[in-house]
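Student: Could you take one part of this model and go through it slowly with me? I'd like to see what lies around it.

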Amino acid sequence: MKLAVGMLMLLLSFMLMPFNIQVERIPSTVMNKSFNATVITPKTYGKTSKKYSVVYVLHGWLNDYDSMSYHTEIGRLSDEYDFIIVMPDGNLNKWYFDSRINSEFRFGTYVGREVPEYIDKKYRTIKKRSARAVTGYSMGGFGAFNAVFNYPETFGNVGSMSGAVEISGFENKWNLRKVFGNYEENKDLWESVAVKNNLNKFGDKKFNIIISCGDEDFFIDINRELHEKMLEAGIKHTYIERPGRHDWDYWREEIKFQLLFFSNYLK
């Protein structure tokens, strides 16, 4: 009886949610496949003729398109800031990158061009780079910067939470060899994809940038180095370092800071 009552209460809570959450099946022409994405629209969507800014949130390694929905209050944040939030699938461990090793992995093009094109066609969005942001945690932080570097016309705002902003030094982890090849044979590629080595790609376009990492995270050193390189290059950005590890306790709070940051620019 208690279990039945609990399930009923959970069902009612979903029915009463002010925001709307749905799963879209978004096709990829370059991969000839379709993948799921969670799309959250705020409570105002459909009630006025308003067009909306969109924040794309990329998941981490071995997570998927609905992980953040389960672990955070991201739906409530969609209401609070009146954004559409899109969480595409990175196929667990493909690093949001167009692999030179395996032509079937084209997730850089997918999140940088194909997903935003689909969202802009189906939803009432503001179709400007200044009205789009992309961020992500862990592997998704790498993916967010990769998307901006390769599709600067798509996104004008970028963030990273506990981001894998450099992959050299982690050669035997996280499926990296299947995407980037063996380090010994592809050292130039591994080094070239580090965010710190692509800062020139920001060019003369305006970007609003936020980077955050917990002080006990195993990615803290590479994030600190990226921060220093950006200061040296004169690239305006916000850097947050606070107590935390590489886990949901950190990301649950950090997504609040990221969306608050973007709310200052996504009008």
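Tutor: Let's start with helix H5 (139-150), which lies across E3, E5, strand E6 (157-161) and E7, running at about 145 degrees to E5. This is a predicted model, where local features need pLDDT of at least 70, side-chain atom pairs count only at pLDDT 80 or more, and totals for chains, interfaces and linings use all residues. Residues are numbered from 1 along each chain as its sequence is written, and side-chain values use heavy atoms, leaving out hydrogens and water. Helices (H or I, at least four residues) and strands (E, at least two) are DSSP runs numbered from the N terminus. Angles run from 0 to 180 degrees between N-to-C directions of lines fitted to C-alpha atoms, for helices over the stretch in contact (heavy atoms within 4.5 Å).

Now look at the strands. E5 and E3 pair (at least two DSSP bridges) in the parallel sense, over 5 bridges. Valine 57, for instance, has threonine 135 in E5 as its bridge partner. Both strands belong to an open sheet of 8, ordered E1-E2-E4-E3-E5-E6-E7-E8, with mixed pairing. E1 and strand E8 (238-242) are its edges, each pairing on one side only. From one strand to the next, the twist averages 20 degrees.

H5 also helps cover another helix: together with strands including E1, E2 and E5, H5 is part of what covers the buried residues of H4. Among those buried residues (under 20% relative accessible area, 1.4 Å probe, protein chains only) are Phe107, Tyr110 and Ile119.

Methods. Buried means under 20% relative accessible area, exposed over 50%, partly exposed in between (1.4 Å probe, protein chains only).
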